[in-house]
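Please open the model in your viewer and keep the sequence beside it, since this tour moves from one selection to the next.

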Amino acid sequence: MPTEPDRTESAKIELSEQELRDITGYAAACAHRTLPIFEDAEPADPRPREALDAALAFAAGGRRTADLRARAWAAFKAAREAPTPAAGDAARAASHAAAAAYLHPLADAHQVKHILGAAAHAARAEELALPAPETLDWARRHAPRAVTDVLARLPDAPAGGGRVGHLLRELDAALRV
């Protein structure tokens with residue numbers, strides 16, 4: 001007799017290495033837009049820039065390494081130590097960009113955060129620091145086909161997450177149109 005599927009496990013989706021590279025490159029481009037917000041607040045802290053450099057190296061054909069993962073975590077630590085909320089979100093955008101290389105091939109709403117988290121945090125950093133934020137619209141207009149193709153295989157972005165979660169869901173909905 002067949003058993004009911006385990007609801008705690010997400011179904012697997014197809015995810016090519018090139019899609020992963022394209023998604024990571026997109027996330028890095030989104031985060032790079034707000035790197036100056038962090039660097040103006042913390043000019044001596046290279047961690048977010050190093051995370052973006054590592055993400056771009058992977059997007060350009062490099063390997064997923066322990067160093068890439070370590071740089072994502074280092075940028076996350078920089079975000080937690082940032083002197084302003086805007087600088088923190090800019091560093092989180094860099095952390096998400098490097099972590100995008102580790103997107104899991106699972107049909108799980110949490111994976112949407114891995115794809116669009118850098119853009120959402122960059123958009124929030126701009127909202128907090130700039131008079132005319134543009135990153136969310138830029139992210140919508142510049143999403144490569146790999147982003148929209150993979151999002152189509154995933155459930156909608158999850159609820160919650162405060163303002164960043166709202167921005168993430170707004171971008172997710174715009175990219176699925």
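In which helix is the place of R140? Select R140 in this predicted model, and you will find that its place is in helix 7. With a relative accessibility of 37%, R140 counts as partly exposed. Now show the neighbours of R140, leaving aside residues up to four places away in sequence, and you will see that R140 touches Y26, L171, A174 and L175. One of these, A174, lies 34 residues away from R140 along the chain, yet the C-alpha atoms of the two are separated by 6.9 Å.

Next, select helix 1 (residues 17–32) together with helix 7 (residues 135–142), whose axes come within 10 Å and cross at roughly 155°. Helix 1 and helix 7 are therefore roughly antiparallel to each other, and their crossing is right-handed. On the side of helix 1, the contact is made by Y26, A29 and C30, while helix 7 contributes T135, W138, A139, R140 and H142. If you colour the residues of this contact between helix 1 and helix 7 by type, they divide into five nonpolar, two polar and one charged.

Keep helix 1 selected and add helix 5 (85–99), which packs against helix 1 at an angle of about 170°, with the two axes 8 Å apart. That angle makes helix 1 roughly antiparallel to helix 5. Here the contact is formed by T24, A27, A28 and A31 of helix 1 with A93, A94 and A97 of helix 5, and the residues of this contact divide into six nonpolar, one polar and no charged.

The tour now turns to the interior. In soluble globular proteins, nonpolar side chains tend to be buried together. The largest nonpolar core of this model has 48 residues, and those with the most contacts inside it are I23, Y26, I115, L116, V147, L171 and L175. Among the elements that give two or more residues to this core are helix 1, helix 3 (47–59), helix 4 (66–81), helix 8 (145–152) and helix 9 (162–175), but helix 6 gives the most, with eight residues.

Which residues does I115 touch, not counting residues up to four places away in sequence? Centre the view on I115, and its partners are I23, Y26, L103, V147, V150, L151 and L154. As a last stop, select I37, A87, A90 and A125, which are among the ten residues of another core, lying apart from the largest one.

Technical notes
Residues numbered from 1 in each chain as written. Predicted model: local features only at pLDDT ≥ 70, side-chain atom pairs only at ≥ 80, totals over all residues. Heavy atoms only, no water. Axes fitted to C-alpha atoms, helices over the stretch in contact; angles between N-to-C directions. Helix = DSSP H or I, 4+ residues; strand = E, 2+ residues; numbered from the N terminus. Parallel < 35°, antiparallel > 145°, perpendicular 65-115°, else oblique. Left-handed = near helix turned anticlockwise from the far one by under 90°. Contact = heavy atoms within 4.5 Å. Nonpolar A, V, L, I, M, F, W, Y, C, P; charged D, E, K, R; others polar. Core = buried A, V, L, I, M, F, W, Y, C linked by side-chain atoms within 4.5 Å. Buried < 20%, exposed > 50% of the residue type's maximum accessible area, 1.4 Å probe, protein only.
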